[in-house]
Amino acid sequence: MKKTAAKEKKFVYIISGKDSALLAVECEMLVERLLVPEQRATGLFKADPDEITPAQILDELRTVPFLSDKRVVVIKDADDFISANRPLLEKYFENPSSNGVLVLTVSSWPGTTKLAKKLPQVGELISVAEPKRWELPRKLNEYAQESYGKKVSPDAVELLIELVGENLSQLYGEIDKLSLFVNQEKIITAGHVESLTGHNRMFNCFEAIDAAISGKMDVAISRLRTMFAEDRSAEYTVVGAFAYYFRRMFTAKALLEKGVSAGEIAGRLRIWRGKEEEFFGQLRKMSLRHLGAILIHLAEIDYGIKTGRTRAETAAEQLILGLVHTT
């Protein structure tokens, strides 16, 4: 699966984008492709452009690698370095080292410069930006495969996006944790996501909803505010967590009305053990129509948060307050 710069005949990689976290991930994934782990000790050199001279960087690129088929030199945040050394880099692009691979991460890469026009002959531009929603499954599977040798099932991807949001660097962080969590298993499933990523968020939602339905509004609001205080990502994930929980309630209510037993529903929907009674107690107090209306309301809240028309904390409290008056 791993490719080498020699096979690709690419000796320079420019990784360009505004998000420093995504740039760092993309750079690490590229290094993973260029060097197998045992080659990194002697084949990888990470240079700080403020602490090393251009001549030293070129020497590193021309150094004959030891126990490796190439010498990879990485310079992050290289915008100023490029601006200060354009003539030198232009010459290097014309005659790159056959032993070296130069990797530069930058915030921008204007296509009109001499360097940009020379790059296709010696290397590749990798543009990094927040992907579209439909691109996320491919991105997450590529990251899981290249970083950990694992796959992410389609339902796991959808659940992860629902609980975490669409921010790619946050999603990558969850894949990091999930890959350690599943240990030797090769596929990350929805069950894994629910157990690790979703448990705390959904449990907080469960507690807040249960308190609101029981008329304990002070407890419900306290749960919400604790969630936002303890989880910095709650601003981006609270709607997904509530939506996931209410969708399960909607599905369970529909199945109950079709005559499916509570035990079978609990098994199908993976209701937490010890919480089944409370879960079905909540369902008895809510109609299918009401649950559908809540899901529509959550979609409106999500749109309002993404367009800056409302704040997540305020919207979540209003949603919980609304449960008291409509149950």
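**Exercise 1. Place Ser-179 and describe its surroundings.**

Step 1. Ser-179 sits in helix H10. Helices here are DSSP runs of H or I with at least four residues, strands are runs of E with at least two, and both are numbered from the N terminus. This is a predicted model, where local features need pLDDT of at least 70, side-chain atom pairs count only at pLDDT 80 or more, and totals for chains, interfaces and linings use all residues. Residues are numbered from 1 along each chain as its sequence is written, and side-chain values use heavy atoms, with hydrogens and water left out.

Step 2. Is Ser-179 buried or exposed? Ser-179 has a relative accessible area of 5%, so Ser-179 is buried. Buried means under 20% relative accessible area, exposed over 50%, and partly exposed in between, with a 1.4 Å probe and protein chains only.

Step 3. Now list the contacts, leaving aside neighbours within four places in sequence. Ser-179 touches Tyr-148, Lys-150 and Ile-188. Contact means heavy atoms within 4.5 Å.

**Exercise 2. Describe how helix H8 packs on helix H10.**

Step 1. Two packed helices are described by the angle between their axes and the distance between the axes. The axes of H8 (residues 136-148) and H10 (residues 168-182) come within 10 Å and cross at roughly 40°. H8 is therefore oblique to H10. Axes are lines fitted to C-alpha atoms, for helices over the stretch in contact, and angles run from 0 to 180 degrees between N-to-C directions. Angles under 35 degrees count as roughly parallel, over 145 as roughly antiparallel, 65 to 115 as roughly perpendicular, and the rest as oblique.

Step 2. Give the hand. The crossing of H8 and H10 is right-handed. That term applies if the near helix is turned clockwise from the far one by less than a right angle, and left-handed if anticlockwise.

Step 3. Name the residues. H8 brings Leu-136, Lys-139, Leu-140, Tyr-143, Ala-144 and Tyr-148. H10 brings Leu-168, Leu-171, Tyr-172, Ile-175, Asp-176 and Ser-179.

Step 4. Sort them. Nine residues of this contact are nonpolar, one is polar and two are charged. Ala, Val, Leu, Ile, Met, Phe, Trp, Tyr, Cys and Pro count as nonpolar, Asp, Glu, Lys and Arg as charged, and the others, Gly among them, as polar.

**Exercise 3. Work out the order of the sheet.**

Step 1. In what order do the five strands of the open sheet run? The order is S2-S3-S4-S1-S5, with parallel pairing. Two strands pair if DSSP finds at least two bridges between them.

Step 2. Find the edges. Strand S2 (44-47) and strand S5 (123-127) each pair on one side only. Neighbouring strands are turned by 15° against each other on average, direction ignored.

Step 3. Check the bridges. Five join S3 (residues 71-75) to S4 (residues 100-106). In that pair, Val-73 partners Leu-102, and Val-74 partners Val-103. Five bridges also join S1 to S4. There Tyr-13 partners Val-103, and Ser-16 stands opposite Val-106. Five more link S1 to S5, where Val-12 partners Gly-123.

**Exercise 4. Decide how covered S1 and S4 are.**

Step 1. In a regular strand the side chains alternate between the two faces of the sheet.

Step 2. Take S1. Val-12, Ile-14 and Ser-16 point one way, Tyr-13 and Ile-15 the other, and all are buried.

Step 3. Take S4. Gly-100, Leu-102, Leu-104 and Val-106 lie on one side, with Val-101, Val-103 and Thr-105 on the other. Seven of the seven S4 residues are buried, so S4 is largely enclosed by the rest of the structure.

Step 4. Add a covering helix. Helix H2 (residues 20-34) lies across S1 (12-16), S2, S3, S4 and S5, running at about 155° to S1.

**Exercise 5. Find residues with positive phi.**

Step 1. Most residues other than glycine have a negative phi.

Step 2. Asp-77 has a positive phi near 50° and is not a glycine. Asp-77 lies in the loop between S3 and helix H5 (79-84). Its relative accessibility is 60%, so Asp-77 counts as exposed.

Step 3. Asn-183 also is not a glycine, and its phi is positive at about 60°. Asn-183 belongs to the loop between H10 and strand S7 (187-188).

Step 4. Gly-165 follows H9 and has a positive phi near 105°.
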